[in-house]
Amino acid sequence: MFFSNMDALQQIRKPIEAEMSQYKQVFDSYLVHANPILQKVLGAISSRRGKMMRPALVLLAAKLVGGEANERSVYTAATFEFFHTASLIHDDIVDESEERRGQESVNNAYGNQVAVLVGDFILANALLCATKTGQIELVGIVSAAAQKLADGELLQLNNVKNETITEDVYFHIIRNKTAALFAACAEAGVLSVSSDEKMRQIFHDFGKYIGICFQIRDDIFDYHHDTQIGKPTGNDMKEGKLTLPVIHALLATCNEEMLALARKVKSRQVSQDEIDMLVDFTKKNGGIDYAEKMMNDYAQKAKDLLASFPDSDVKQALIAYVDYAIDRSI
């Protein structure tokens, strides 16, 4: 599975190799600073660069709609990678996380004070890159995404205290916390090459559906033992979170014993043995299958939005992007 993931990533990036190279140069140019502690943290962040899925989405959307990506597209890609990086640093502070991508988190390595300030610095880099495009609409897209991310995080925090268990709240959280950023990336990619409002909406929805797929896949990972995933089984439950697989199993069965355990999860008073029971219950009662079906349905919705575009390597890369979101192993 690891190699098929790598093949998919190569297919996704191949049509935008030159643009990704330009993006990396821009991104790296903002990670140099005279302040010693800031440079040390920025260097650590640069060394653990992820798969750059959001910049790739910006550039692919731009290239499919505009025929080619331009300098605005490159700066837009950097805008969203900085935005995403800042949000991860702030998320780790909120969640009190000790690791990020298998390495020590900024807050754990340098303390919350440094982490907050570095996150703010990186967010400022995002805004500086946005100004390079000369498009005030981009600032609006970024700001709207920031609002949704904050709303999703706050709703998730508040939902831990709420004994009511519903799919509606789950989807509200992931649409804002995860899907909003993918939607913004795809829409902004179009904005960088076109003023077509209809096309912007199409790609906003395309990105939203991809983001939902990414989050459901991440949530499914939490029900399986795998060292590549980077978090232990049941980790979400340890943090008081109930995700789609267990929510479905609980609502489908109305099992009072398991509902009582779920409420203990929300109160963060649950033991590892009880988490293991709830994970096993979820698997036996169709929770994983249901979540995978929902994920595949959203993936198809995303692909359907590409149907009207003529076939090209860029279109195939975007289809591969959707498949990667649902098929990846890490």
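Trainee: Which residues form one aromatic cluster here?

Mentor: Tyr 23, Phe 27, Tyr 30 and Phe 82 form it. This is a predicted model: local features need pLDDT of at least 70, side-chain atom pairs count only at pLDDT 80 or more, and totals for chains, interfaces and linings use all residues. Residues are numbered from 1 along each chain as its sequence is written, and side-chain values use heavy atoms, with hydrogens and water left out.

Trainee: What describes a pair of aromatic rings?

Mentor: The distance of the centres and the angle of the planes. Rings of Phe, Tyr and Trp (its six-membered ring) pair if their centres lie within 6.5 Å; planes under 30 degrees apart are stacked, over 60 edge-to-face, the rest tilted. The structure holds eleven such pairs. In one, Phe 203 and Phe 309 have centres 5.8 Å apart and planes at 65 degrees, so the pair is edge-to-face.

Trainee: Are Phe 203 and Phe 309 buried or exposed?

Mentor: Buried means under 20% relative accessible area, exposed over 50%, partly exposed in between (1.4 Å probe, protein chains only). Phe 203 is buried at 1%, and Phe 309 is buried at 12%.

Trainee: When can side chains of opposite charge pair?

Mentor: When their charged atoms come close. A salt bridge needs a side-chain nitrogen of Lys or Arg within 4 Å of a carboxyl oxygen of Asp or Glu. The count is eleven. Glu 19 bridges to Lys 63, with the closest N and O atoms 3.0 Å apart. Glu 19 is buried at 10%; Lys 63 is buried at 18%. Glu 274 bridges to Lys 264 at 2.7 Å between the closest N and O atoms. Glu 274 is buried at 18%, whereas Lys 264 is partly exposed at 29%.
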